[in-house]
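Here's a quick briefing on a few helices, to read alongside the sequence and the 3D view. Have both open before you start.

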Amino acid sequence: MTSHAKLSPSSAHRWMQCAGSLILEKDIPDSSSEHAAQGTAAHFLASECLEQGKDATDFLNCFIGIKKGNAYWLDTAFDDNQSRFNVDLEMSENIQIYLDAVRSQAVGNELLVEQRVDFSSYIGAENAFGTSDVIILTDDEIQVHDLKYGRGVKVYAENNEQLKLYALGALNNFGAFGDFKQVRQVIHQPRLNHYSEAVCTVDELLEFARESKNQVQYIRCLEEGLETGDGGAIADFGGSFNPGEKQCQWCKAKATCPALAEHILKTVAGEFEDLDAVDLNAQINTATGEVTNLENDRLSKFFSAIPLIEGWIKAVSGLVHNKLHQGESVPGYKIVQGKQGNRAWENAEEAEQMLKSMRLKTDQMYDLKLISPTTAEKLKKENVIGVRQWTKVENLITRADGKPTVVPESDKRPALIVNPENDFNNLDA
Ligand code: SF4
């Protein structure tokens, strides 16, 4: 019997856009990272606050341990096999922003924290579930709130497949408890000062469920056909990939995915038949040389492919490093000792005593530097700098204008008027 790949909500955009990804990623283990562990710690703090009716500062300077993806409070016990996070001022302030936003919506309504919701029946797959950070039930609305603690890219609630799956799960679990007409989906990214919400009707949500069901059926047919060696499924498999910046960004198969490699090579080097027959260096050199002769629309196509290409390069580089470090052989490459690091005192105290004994003056011995406005603001938060004093300090802070930056036309900021002779002007000014 086929063991089906897990239809996780967090990767829903990927498997909705690229059916083959679920099959290609299936046996690749998740990689753990410090960022992911920090996110788990922040979610834990948020849920503890909501469940206990506390503020984030109530846990200031407490420690959260993360082991095998699970978070828990640490007292003094600490072993090397776990990540450890301090609830510092930055984490408590950011989580408080999220708590305040959630609580303002929950007044007079039902607040449900860390709810496991099951959307299997809506998408026609067994064991399809996820855990929603917060669900709020009003008289006629279901709300799903999702906390993103990363500082990476902004995530939007509009057409967000992950939130829609949570919403379907919430409808499945709680639909019988009210006459719900619409679903509000909310993303909170306090560290990016970003909040995004989208509302759809229950009928629109059910339309999404139908699309998901079709995609899931297609994926399951592919999976089963590939396992049984069905010729039709094998022929279809190549066409089941759909490379694109958003879906490929976090794909575990990115470094080895032939469809992505082919897509990138086609973008930079034009059409070709056989990927293995391509001299990548030559093609890219030719393409780079041609850039000066390109029409602007082709240049635009190249430019828009940069994030995808950069992500692919990073993934390929990471995988080659990993394989070589694990003793595998990658033809044409080896590991050597890199450049030495910067010089450092082996024993800073000993060096300090030695330099003092040589009668060096303080300004000769130490690098003294004025604190930054950011550090000064931290001192204000710690009440080292008083509120009135801060007003005076704030008057001394200035910020340089941002440098002109190229962004997609969909970006909300107004375009600058370009005056090549002189400077840039704001179109709205
Ligand atoms: S890298 Fe992109 S194209 Fe390849 S499987 Fe992943 S999402 Fe699909």
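Let's start with helix 7, residues 202–228, in this predicted model. At 1.5 Å a residue, its 27 residues should span 39 Å, and the end C-alpha atoms are indeed 39 Å apart, so the two figures agree.

**More on helix 7**
- The buried residues of helix 7 include the hydrophobic-looking names you might scan for, among them Val202, Leu205, Phe208, Val216, Ile219 and Leu222.
- Also on the buried list for helix 7 are Ala209, Ser212, Gln215, Arg220, Glu223 and Gly225.
- Just after helix 7 comes Gly229, with a positive phi of about 75 degrees.

**Helix 10**
- Helix 10 covers residues 258–269, and its 12 residues should span 16 Å at 1.5 Å a residue; the end C-alpha atoms sit 16 Å apart, so that checks out too.
- Buried here are Ala259, Leu260, Ala261, Ile264, Leu265, Thr267, Val268 and Ala269.

**Helix 3 against helix 4**
- Helix 3 (residues 34–52) packs with helix 4 (residues 89–106) at an angle of about 50 degrees, and their axes are 10 Å apart.
- That angle is why the two helices, 3 and 4, count as oblique to each other.
- The crossing of helix 3 and helix 4 is right-handed.
- On the helix 3 side, the contact uses Gln38, Ala41, Ala42, Leu45, Ala46, Cys49 and Leu50.
- Helix 4 brings Met91, Ile95, Tyr98, Leu99, Val102 and Arg103 to the contact.
- Sorted by type, the residues of this contact come out as 11 nonpolar, one polar and one charged.

Methods
Residues are numbered from 1 along each chain as its sequence is written. This is a predicted model: local features need pLDDT of at least 70, side-chain atom pairs count only at pLDDT 80 or more; totals for chains, interfaces and linings use all residues. Side-chain values use heavy atoms; hydrogens and water are left out. Axes are lines fitted to C-alpha atoms, for helices over the stretch in contact, and angles run from 0 to 180 degrees between N-to-C directions. Angles under 35 degrees count as roughly parallel, over 145 as roughly antiparallel, 65 to 115 as roughly perpendicular and the rest as oblique. A crossing is left-handed if the near helix is turned anticlockwise from the far one by less than a right angle, and right-handed if clockwise. Contact means heavy atoms within 4.5 Å. Ala, Val, Leu, Ile, Met, Phe, Trp, Tyr, Cys and Pro count as nonpolar, Asp, Glu, Lys and Arg as charged, and the others, Gly among them, as polar. The expected span of a helix is 1.5 Å times one less than its number of residues. Buried means under 20% relative accessible area, exposed over 50%, partly exposed in between (1.4 Å probe, protein chains only).
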